[in-house]
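Below is a short note on the model, in numbered points. It begins with one helix and then turns to the protein interface and the DNA strands.

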Number of protein chains: 2
Amino acid sequence: MSDMPSCQFESRPRRIMMGPSGLQTDFCATCTVRPNSVCNVIDEGDISRLAEAAVETIIPPGRGFIEEGAPATDFFNVTAGTVKLFKALPDGRRQITGFAAPGHFLGLAVSDSYAFGAEAIDTVRVCRFSREKMTELLDDFPKLERRLLEEASNELVAAQNQMLLLGRKTARERVASFLLDQMRIGQPPAGNGGPCRLNLPMTRGDIADYLGLTIETVSRTLSWMRSQGMIEVGKGYAITLLSVSRLDVLASGNG
Amino acid sequence: MSDMPSCQFESRPRRIMMGPSGLQTDFCATCTVRPNSVCNVIDEGDISRLAEAAVETIIPPGRGFIEEGAPATDFFNVTAGTVKLFKALPDGRRQITGFAAPGHFLGLAVSDSYAFGAEAIDTVRVCRFSREKMTELLDDFPKLERRLLEEASNELVAAQNQMLLLGRKTARERVASFLLDQMRIGQPPAGNGGPCRLNLPMTRGDIADYLGLTIETVSRTLSWMRSQGMIEVGKGYAITLLSVSRLDVLASGNG
DNA sequence: CGATCAATTGACATCAGTCAAACGCAGTGG
DNA sequence: CCACTGCGTTTGACTGATGTCAATTGATCG
């Protein structure tokens, strides 16, 4: 599907403000995703330590930047765009294990090689940390470790939900679950129940690989939902959820 | 399938040796699973702190001891037997998200309620830690936090593998993957390639719920493997792997 | 306008699920 | 000792949801 060249970064070393003392200062201080990311455990006073360790990298759409099985040299924090994480079988079958939105931390594999691949869906910006810098940060900021554990636990919960979806839900239930999940990402938790417009960054193929279905089944299912008045399929990647409640019933297996 | 009574423990407060100073001593020091569990990061000198916090609990076969959605009051460390972890849909469909063998740490969910249920397969022994005690331990032993992060990362990798299995593998590939995984649990990593006898603690139903299949399909697939000379199905829960290499080819999708 | 690529739709095939029967084994009680 | 029961497993016949293959539509971009 994608050519997946071996990990090539289009890194552009970030221009960093220098403070009076010559120390790097507030490159991270102005980061818009910090409140939602693991970085939020670093105090204002220590923020320059973070900026020092991070290298901002821009990744164009479709470019792979983590190769499954390659040596795990870096950690990443997504600051813009959406990344797909996946595993593949030798014959090309692919399972997307998750989508990483801004704030998401990547690279939690403990082993010395990545257990999954990663590819930019749209234009992605990440903060890259070398393994060494990351180790230093972990040693100096115990809070960071606790925060990463929290992050990992949340991912585990998401993974368990996905296993339930992949192992036991029907195609309609899977698509409904997916749409609701996507809604919860963009929306504040208190959804008002009214129509909700989504702008999905990923293709039908990505959705299929995420839900363990084929492109055709995803397309047919969306068409069926449209025929039922549950959603509206706009042009491009827009989908409007017309009846969140009915999708909810479907997603939880009571359709 | 199981009646799952609300969490009832058959706790028997562990008899603990008292040292000269009146402090509890080496209940954990003699623990056979400590080398493989998160507890191995606590130094000998501090081992009594661990013993102080742990309550050993015996759980009979079939008894549920974590209920999905219930308040997450305790953490567990499995010391004997096998536990199944699962999520369920309202209509009873069930996905087993993993099996916890001795050494496995349970309860990593950060939220205040359990994201999964847990039930003993055979007679299970666990060390139970209250949330408060666990927090104390984490505060006092930073190494423990790092170790838990490692554990969580490993579980994430396993979860990603399982997503690939559930989303993209055929029934034969799933069963082959499962048998090989089970072999690797019991065996030291250097499998000699010769026949390998497994004694699975779980029923066909559990295997089916783990692999996202039905009992019938699991049974048929095992019969097919037997007809191919790949395995031997003994009475009870014994299965002998006759050709690990052919199972390997199957499991990785080149069957 | 033609080329390309993603998405949709249709016709058909198939893998795994469903329903049902039979088997094997263990435990119980006559 | 044997009949009876319960439960998990195996096997068979059939069904159906989803995959496969293929044609069409629609959007984007030179």
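1. In α5(B), the buried residues are Gly205(B), Asp206(B), Ile207(B), Ala208(B), Asp209(B), Tyr210(B) and Leu211(B); buried means under 20% relative accessible area, exposed over 50% and partly exposed in between, with a 1.4 Å probe and protein chains only. Helices (H or I, at least four residues) and strands (E, at least two) are DSSP runs, numbered from the N terminus. Because 7 of the 8 residues of α5(B) are buried, the helix is largely enclosed by the rest of the structure.

2. The structure is a predicted model, in which local features need pLDDT of at least 70, side-chain atom pairs count only at pLDDT 80 or more, and totals for chains, interfaces and linings use all residues. Residues are numbered from 1 along each chain as its sequence is written, chains are lettered from A and ligands numbered from 1 in the order in which they are written, and side-chain values use heavy atoms, with hydrogens and water left out.

3. Which elements cover the buried residues of α5(B)? The cover includes α3 (142-168) of chain A, together with β4, β5, α3, α4 (171-186) and α6 of chain B. At the start of α5(B), a side-chain oxygen of Thr203(B) comes to within 3.2 Å of the backbone nitrogen of Gly205(B). Just after the helix, Gly212(B) has a positive phi of about 70°.

4. On the contact between the protein chains: 47 residues of chain B touch 47 residues of chain A, where contact means heavy atoms within 4.5 Å. The two chains bury about 4100 Å² between them, with 63% of it on carbon and sulfur atoms. Buried area is the accessible area (1.4 Å probe) that two parts lose on being put together, summed over both. On the side of chain B, Leu149(B), Met163(B) and Arg168(B) lose the most area to chain A, together 18% of what that side buries.

5. The count of salt bridges between chain B and chain A is 8, a salt bridge being a side-chain nitrogen of Lys or Arg within 4 Å of a carboxyl oxygen of Asp or Glu. One of them joins Arg168(A) to Asp209(B), with the closest N and O atoms 2.9 Å apart. Asp209(B) is also among the buried residues of α5(B).

6. There are 20 residue pairs in polar contact across the interface of chain B and chain A, both residues being at pLDDT 80 or more. A polar contact is a pair of N or O atoms within 3.5 Å; within protein, one must be able to donate a hydrogen and the other to accept it, and residues adjacent in sequence count only if both atoms are side-chain atoms. The elements of chain B that each supply at least two residues to the side touching chain A are β4 (83-88), β5 (94-100), α2 (131-140), α3 (142-168), α5 (204-211) and α7 (244-254). α3(B) gives the most, with 21 residues. By class, this side of chain B has 21 nonpolar, 13 polar and 13 charged residues. Here Ala, Val, Leu, Ile, Met, Phe, Trp, Tyr, Cys and Pro count as nonpolar, Asp, Glu, Lys and Arg as charged, and the others, Gly among them, as polar.

7. Around DNA strand D there are 19 residues, of which Thr217(A), Arg220(A), Arg204(B), Arg220(B) and Ser223(B) come nearest; a residue is near a strand if one of its heavy atoms lies within 4 Å of it. A polar side-chain atom of Ser219(B) lies 2.9 Å from a phosphate oxygen of strand D, while an N or O atom in the side chain of Arg220(B) is 2.8 Å from a base nitrogen of that strand. α6(B) gives the most to the surface near strand D, with 6 residues.

8. DNA strand C is surrounded by 19 residues, the closest being Arg204(A), Ser223(A), Ala171(B), Thr217(B) and Arg220(B). A polar side-chain atom of Ser219(A) lies 2.8 Å from a phosphate oxygen of strand C, and one of Arg220(A) lies 2.9 Å from a base nitrogen of strand C. The side chain of Thr217(B) has an N or O atom 2.4 Å from a phosphate oxygen of strand C. The largest share of the surface near strand C, 6 residues, comes from α6(A).
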